[in-house]
Amino acid sequence: MDKSLIYKNNYLNCEQSCISAILSRSDINVDLIWKQAGLLFKEVGEIFYLSPYYKDYSSDFLENHNIKLIEYHYSKEQLNRIVDDIYSSQKLNLAICVTCDPFYLPYYKPYYKKFHSRHMIEIIKINKEKSYIVDHTLLYQGELSTIFIKEAITSPHTNDRKLITIETKSLKDSVKSTTDIINNIKYEYLHIMAGNPLYNFKQENYSGATIGLEAIREIEEYILKYIDLEDQRESMNFLFKALREVCNSRFQIYKLFKSVNLIREAELFLESYQCWSILNNLVARYNLKNDISNIKSRIAIRTEQLYKHEKKILELL
């Protein structure tokens, strides 16, 4: 298989990249797909939950784009079912994405045999001996022993084990007009960022979360409470990844608005992306160097600027 199937977008996570790759091959306008830019934050003891996403992909894709995407979730006791379900999905000619543990993937050099983590890849073909996969995040495409794939997929060390299938035979572009989609994006952003729940949260962990602008205040409190504690370094690393999701959600809205020539709205979300990125870079630099002077005062200043900018979007959108 010589043709490149890799979909490269530095502003999407591994799951979104897999889905985008599949849809783009069917000439779906991927710019219209990723359109959630909310804010949810919840702290439970020393654990936090932070996300810009507030509804499942599956219902949104079906309603707005006639895309039949199905998510299957597995407990640790159901690990062996994942491989069977992949074989079944392949027989139905469904596009397949699956979570895995890069600890077992030889091409994933930073993690192979070193660290356990959660990742998602696209499976093009699988049989008893060999499997053909695409890792859009690592820009890897190729054939691997199915032994490696099964180990990675059935790892007991990953959370939120998931198989995603997409029916590609009858895919077509948006059911709703671009105007309707844009208007709905504005409505949802305004509703969520004003602090109002809009849908059942994507995960039970977010039940009771602080929504919208006021979540920024709680994120600031969490960072200031834990950033200089050595035993919270892992939490700060998770925070960096979660903040990156928030950053990228704003960039996707910027890209979408720009693609339909809504320049003023696009610039607002580009500035939002930049504000969140500055905050996240402070967290990242502190994690790496642990020697940034006045880190707490700088974070307080940045979160205040961030709050004012998101409030500005609410007033001008």
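A residue counts as buried when its relative accessible area is under 20% and as exposed when that area is over 50%, with partly exposed in between. Try that on I147, which sits in helix α4. At a relative accessible area of 55%, I147 is over the 50% mark and therefore exposed. Keep those cut-offs in mind as we walk through this structure, which is a predicted model.

Let's stay around helix α4 for a moment. I147 and S17 are 130 residues apart in sequence, and their C-alpha atoms are 24 Å apart in space. To see what α4 rests on, we need to look at a sheet.

This sheet is open and has six strands, in the order β3-β8-β4-β5-β6-β7, with antiparallel pairing. The edge strands are β3 (69-74) and β7, each of which pairs on one side only. Neighbouring strands here are turned by 30° against each other on average, if you ignore direction. Helix α4 (residues 146-153) packs on the sheet and touches β4 (95-100), β5 (119-126), β6 (130-135) and β7. The direction of α4 makes about 100° with that of β7.

What holds neighbouring strands side by side? Strands of a sheet pair through backbone hydrogen bonds, either parallel or antiparallel. Start at the β3 end: six bridges link β3 with strand β8 (residues 161-166) in the antiparallel sense, and Y74 faces R161 of β8.

Now jump to the other end of the sheet. β5 and β6 are antiparallel partners over four bridges, and I126 has S131 in β6 as its bridge partner. A hairpin of three residues takes the chain from β5 to β6. Next along, β6 and β7 run antiparallel and are joined by six bridges, with Y132 partnered by E143 in β7. The hairpin of β6 and β7 has four residues between the strands, and there L139 takes a positive phi near 55°.

Is β6 enclosed or open to the outside? Five of its six residues are buried, so β6 is largely enclosed by the rest of the structure.

One residue of β7 deserves a closer look: Q141, found in that strand's stretch of residues 140-145. Its side chain makes a polar contact of 3.1 Å with the side chain of Y132. The side chain of Q141 also reaches the backbone nitrogen of L5, at 2.6 Å.

On to the other sheet. Here three strands form an open sheet in the order β2-β1-β9, again with antiparallel pairing. β2 (47-51) and β9 (210-211) stand at the edges with a single partner strand each, so one side of each has no neighbour in the sheet. Five bridges tie strand β1 (residues 40-44) to β2. Among the facing pairs, L40 stands opposite S51, and K42 has Y49 as its bridge partner. The hairpin of β1 and β2 has two residues between the strands, and G45 takes a positive phi near 65° in it.

Helix α6 (residues 213-226) lies across β1, β2 and β9, running at about 40° to β1. Which residues of α6 are buried? They are L213, A215, I216, I219, E220, Y222, I223 and Y226. Looking down the axis of α6, you would find these buried residues within an arc of 165°, so they line one face of the helix.

That brings us to the largest nonpolar core. As background, nonpolar side chains tend to be buried together in soluble globular proteins. The largest core in this model has 50 residues, and those with the most contacts inside it are L39, L50, F269 and W276. At least two residues of the core come from each of β1, β2, α5 (178-193), α6, α7 (233-259), α8 (263-289) and α9 (295-316). The largest share, 11 residues, comes from α7.

Finally, pick out W276 in the structure above. Leaving aside its neighbours within four places in sequence, W276 is in contact with L39, I216, I219, L243, V246, C247, R250, L306 and E310. Two of those names should ring a bell: I216 and I219 were among the buried residues of α6.

Key: Residues are numbered from 1 along each chain as its sequence is written. This is a predicted model: local features need pLDDT of at least 70, side-chain atom pairs count only at pLDDT 80 or more; totals for chains, interfaces and linings use all residues. Side-chain values use heavy atoms; hydrogens and water are left out. Two strands pair if DSSP finds at least two bridges between them. Contact means heavy atoms within 4.5 Å. Axes are lines fitted to C-alpha atoms, for helices over the stretch in contact, and angles run from 0 to 180 degrees between N-to-C directions. A polar contact is a pair of N or O atoms within 3.5 Å; within protein, one must be able to donate a hydrogen and the other to accept it, and residues adjacent in sequence count only if both atoms are side-chain atoms. A nonpolar core is a set of buried Ala, Val, Leu, Ile, Met, Phe, Trp, Tyr and Cys residues joined through side-chain atoms within 4.5 Å. Buried means under 20% relative accessible area, exposed over 50%, partly exposed in between (1.4 Å probe, protein chains only). The arc is that of the directions from the helix axis to the C-beta atoms.
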